[in-house]
Amino acid sequence: MSDEALAALERVIADTCLKVDAGERIATDLASWLAEHGVAEEDARAILAAPPRLGVYRSLVRNGLSAVVLQMLPRTRARMNAATPPARFDRDLAAFVDTVAPRTHYLRDVPREFFAWAEPRWRADAEVLPYLPDLAAFELAGFAVGASPAARDGSPAEDLALDRPLAFHASTRLLRLAWAVHELGDDETREPAARPVQLLGTRDAAHAVRWLELTPLAADVVDRLLAGAALGEAVTAACAAHATAVPVVLADVARLLADLGVRGVLLGAR
């Protein structure tokens, strides 16, 4: 098979699975659909003579894309679909697949791509409950924490020192939100408080995802440490950003680092 013929088959399969009108087209006039995509006559004859598989491929691919999104964003979907207008999440997911389609080769990345497309639309739409984008970000971050590798790098941890960067467990994530969605629990009727929160997520020894709420200054320190700043540099810069004298917060920073060490979040210095 020539490269051109192979490319035509790849195009027709991709469009069959993802284009909004493809389902109707392949059901009513498959021959024209194949011709429009430049499928070679020999390949077109084989497809037309075989059992109708393209429709099956379409259903399998679209169901697979939907399933992974729904697995990672179940609470966002349930709340958005139950609100006004109804079924908004499902309609937006279908629109994403129809008009944009995933660019990743990995199913696990599809929810993130969908959210990157949907988030600005949700935040700009007064009909979408304002906390739902934060809930989606929280759900996706929780999945990222749970699925992260076991170690950040192979370098051994050492005792903490002001002139060294720190090593954190690879699952560690810092999330800043405008709504306290982490407090919702399992109560699907409750709405979160509208207040800025800084959440540090990690996975414990039992592989459960844990979240710790930090103060703005503590979050700034941790953010800089995660970015690779040395401990002393991170504390000094965070204090300057928050107009706070370093001696005032040293004891609090020490307690935070000790707590993170006990939790297995902080592994030592690099």
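Charge comes first in this predicted model. The protein carries 29 positive and 37 negative side chains. The centres of these two sets lie 2 Å apart.

**Overall build**

The protein has 12 helices and five strands. Its radius of gyration is 25 Å, whereas the globule rule gives 18 Å for 270 residues, so the protein is more spread out than a compact globule. Along the principal axes, the C-alpha atoms fill a box of roughly 80 × 45 × 35 Å.

Burial and contacts add to this picture. Of the 270 residues, 42% count as buried. The exposed surface comes to about 14400 Å². Carbon and sulfur atoms supply 57% of that surface. Now take the contacts between residues at least 6 apart in sequence. Of these, 60% join residues at least 24 apart.

**Salt bridges**

How many salt bridges does a search of the whole structure find? The search finds 15. Three of them are set out here.

| Pair | Closest N to O distance |
|---|---|
| Arg25 and Glu36 | 2.8 Å |
| Asp90 and Arg77 | 2.8 Å |
| Glu183 and Arg195 | 2.5 Å |

Start with Arg25, which forms a salt bridge with Glu36. Arg25 sits in helix H2 (residues 22–28) and Glu36 in helix H3 (residues 30–36), so the bridge ties together parts that are 11 residues apart in sequence. Glu36 counts as exposed, at 54% relative accessibility.

Next comes the salt bridge between Asp90 and Arg77. This pair links distant parts of the chain, 13 residues apart. Asp90 belongs to helix H7 (residues 88–99) and Arg77 to helix H6 (residues 74–82). Are these two residues buried, exposed or partly exposed? Asp90 is partly exposed, with a relative accessible area of 29%. Arg77 also counts as partly exposed, at 28% relative accessibility.

The third pair is Glu183 with Arg195. Glu183 lies in the loop between strand S2 (173–177) and strand S3 (197–203). Arg195 lies in the loop between S2 and S3 as well, so the bridge ties together parts that are 12 residues apart in sequence. Glu183 counts as partly exposed at 31% relative accessibility. Arg195 is partly exposed too, with a relative accessible area of 27%.

Some salt bridges share partners. Arg88, Asp92 and Asp125 are joined into one network in this way.

**A buried acid without a partner**

Which acidic residue is buried yet has no salt bridge? Asp43 fits that description. The nearest side chain of opposite charge is Arg45, 8.5 Å away. A salt bridge needs nitrogen and oxygen within 4 Å. Asp43 is found in helix H4 (residues 41–49). Leaving out residues up to four places away in sequence, Asp43 touches Met1, Ala5 and Leu9.

**A buried phenylalanine**

Phe114 lies in helix H8 (residues 110–124). Its relative accessible area is 0%, so Phe114 is buried. What does Phe114 touch, not counting residues up to four places away in sequence? The list is Val69, Leu73, Phe89, Asp92, Leu93, Phe96 and Trp122. Asp92 in that list is also part of the salt-bridge network with Arg88 and Asp125. Asp3 is 111 residues from Phe114 along the chain, and their C-alpha atoms are separated by 31 Å.

**Two alanines with positive phi**

Ala87 has a positive phi of about 60 degrees, although it is not a glycine. Ala87 is placed in the loop between H6 and H7. At 30% relative accessibility, Ala87 counts as partly exposed.

Ala243 has a positive phi of about 50 degrees, and it is not a glycine either. Where is Ala243? Ala243 lies in the loop between helix H11 (231–241) and helix H12 (246–263). Ala243 counts as exposed, with 75% relative accessibility.

How values were computed. Residues are numbered from 1 along each chain as its sequence is written. This is a predicted model: local features need pLDDT of at least 70, side-chain atom pairs count only at pLDDT 80 or more; totals for chains, interfaces and linings use all residues. Side-chain values use heavy atoms; hydrogens and water are left out. Helices (H or I, at least four residues) and strands (E, at least two) are DSSP runs, numbered from the N terminus. The radius of gyration is taken over C-alpha atoms; the globule rule is 2.2 Å times the number of residues to the power 0.38. Buried means under 20% relative accessible area, exposed over 50%, partly exposed in between (1.4 Å probe, protein chains only). Contact means heavy atoms within 4.5 Å. Accessible areas come from the Shrake-Rupley method with a 1.4 Å probe; for residues, only the protein chains shown count as cover. Lys and Arg count as positive and Asp and Glu as negative; His and the chain ends are not counted. The place of a charge is taken as NZ of Lys, CZ of Arg, CG of Asp or CD of Glu.
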